[in-house]
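Welcome to my notebook. I went through one structure step by step and wrote down what I looked up, so follow along at your own pace.

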Amino acid sequence: SLICFIFYVGVEACMGLWGSSFLVRVKGVPVSTAAFMTSTYYASLTIGRLAAGFFTFFLSSRKLLYLSVLLLLFGVVFLAVGMGSFAAIGFVFTGLGSAAIFPTMLHETPKRFGTKNSARIMSLQLALAYTGTTFLPPLLGLLAERFTLAIFPYLLFLFGGIVFLATVILERNVRSSRR
């Protein structure tokens, strides 16, 4: 669970902090367009968070979480392959995919770990979320300086893949501990 929080917020923070630079330097998008496209990420994140509440009437939290991470990964792939302003679609899908992840992971904490332990675990989850926000964007910056900013979507895909894998392992462990 803690790994999910570190890497999910890493994606969120890196999108906001490095997205425009990636678009300008790697995709050749004008600065004003890149800033607007990064704003579409935040807009889709906001709209997605509002819509996610409605989806809970039709999907379990587990399914919503899996679909969200897959949508995030799809958006990041689109960032990697989309050309020029067309990469904006990747920002929108990444934002929509990101929208439900954080609140759903928090919502699942009492179910996964019991209400007795949930307050302590949520404290750890939030602490590790701040840790991811603090360390992963600078790590991306150091790697981009060492290699190239073109690694941006690949690192985001790695972070999202870690979230997906950690979620699968966590769900498996929770199900097996209930038996």
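**Entry 1: Phe 5**

I started with Phe 5, which sits in helix H1. Before going on, I noted for myself that this is a predicted model. Is Phe 5 buried or exposed? Its relative accessibility is 0%, and buried means under 20%, so Phe 5 counts as buried.

Next I looked up what Phe 5 touches, leaving out residues up to four places away in sequence. I found Phe 102, Met 105, Leu 106, Gln 125 and Ala 129. I also checked a distance: Phe 5 and Ile 162 are 157 residues apart in sequence, yet their C-alpha atoms are 10 Å apart in space.

**Entry 2: Ile 6**

I moved one step along to Ile 6, which also lies in helix H1. Its relative accessible area is 18%, and the limit for buried is under 20%, so Ile 6 is buried.

Which residues is Ile 6 in contact with, once neighbours within four places in sequence are left aside? I wrote down Leu 128, Gly 132 and Leu 136. For a distance, I took Ile 6 and Thr 104, which are 98 residues apart in sequence and 15 Å apart from C-alpha to C-alpha.

**Entry 3: Ser 1**

Then I went back to the start of the chain. Ser 1 belongs to the segment before helix H1, and that helix covers 2-25. I looked up its relative accessibility and got 19%; because the limit is under 20%, Ser 1 counts as buried.

What does Ser 1 touch, not counting residues up to four places away in sequence? I listed Phe 113, Gln 125 and Leu 170. Gln 125 was already in my notes, as one of the residues that Phe 5 touches. The side chains of Ser 1 and Gln 125 are joined by a polar contact of 2.5 Å. I also noted that the C-alpha atoms of Ser 1 and Leu 124 are separated by 9.5 Å, with their places 123 residues apart along the chain.

**Entry 4: Arg 112**

Now for a charged residue. Arg 112 has its place in helix H5. I wondered whether it would be buried or exposed. At 9% relative accessibility, under the 20% limit, Arg 112 counts as buried.

I left aside neighbours within four places in sequence and looked up the contacts of Arg 112. They are Leu 65, Met 105, Thr 167, Leu 170, Glu 171, Val 174 and Arg 178. Two of these names had come up before: Met 105 is touched by Phe 5, and Leu 170 is touched by Ser 1.

**Entry 5: the nonpolar core**

How many residues does the largest nonpolar core have? I found 42, and those with the most contacts inside it are Tyr 8, Met 15, Leu 23, Leu 79, Phe 152, Leu 156 and Phe 159. The elements giving two or more residues to this core are H1, H2 (31-55), H3 (61-81), H4 (88-99), H5 (101-113), H6 (115-146) and H7 (152-177). H1 gives the most, with 11 residues.

I picked Leu 156 for a further look. With neighbours within four places in sequence left aside, Leu 156 is in contact with Val 11, Cys 14, Met 15, Val 76 and Leu 79.

**Entry 6: Thr 38**

Met 15 led me on to Thr 38, whose place is in helix H2. Its relative accessible area is 7%, so Thr 38 is buried. Not counting residues up to four places away in sequence, Thr 38 touches Met 15, Gly 16, Gly 19, Ser 20 and Phe 91.

**Entry 7: the largest pocket and Gly 48**

My last search was for pockets. The largest one has a volume of about 190 Å³. Its lining is made up of Gly 48, Ala 51, Ala 52, Phe 55, Leu 59, Leu 64, Leu 67, Ser 68, Leu 71, Leu 96, Ala 99 and Ala 100. H2, H3 and H4 are the elements that give two or more residues to this lining. How does the lining divide by class? I noted 10 nonpolar, two polar and no charged residues.

From that list I chose Gly 48, found in helix H2. Gly 48 is buried, with a relative accessible area of 9%. Leaving aside neighbours within four places in sequence, Gly 48 is in contact with Leu 96 and Ala 99, and both of these also line the largest pocket. Finally, I noted that the C-alpha atoms of Gly 48 and Arg 146, 98 residues apart along the chain, are separated by 35 Å.

Note on methods. Residues are numbered from 1 along each chain as its sequence is written. This is a predicted model: local features need pLDDT of at least 70, side-chain atom pairs count only at pLDDT 80 or more; totals for chains, interfaces and linings use all residues. Side-chain values use heavy atoms; hydrogens and water are left out. Helices (H or I, at least four residues) and strands (E, at least two) are DSSP runs, numbered from the N terminus. Buried means under 20% relative accessible area, exposed over 50%, partly exposed in between (1.4 Å probe, protein chains only). Contact means heavy atoms within 4.5 Å. A polar contact is a pair of N or O atoms within 3.5 Å; within protein, one must be able to donate a hydrogen and the other to accept it, and residues adjacent in sequence count only if both atoms are side-chain atoms. A nonpolar core is a set of buried Ala, Val, Leu, Ile, Met, Phe, Trp, Tyr and Cys residues joined through side-chain atoms within 4.5 Å. On a 1 Å grid over the protein atoms alone, a cavity is a set of points where a 1.4 Å probe fits but cannot get out, and a pocket is an open set with protein on both sides within 12 Å along at least five of seven lines; lining residues have an atom within 4 Å of a point. Grid points are joined across faces, edges and corners, and a volume is the space filled by probe spheres set on the points.
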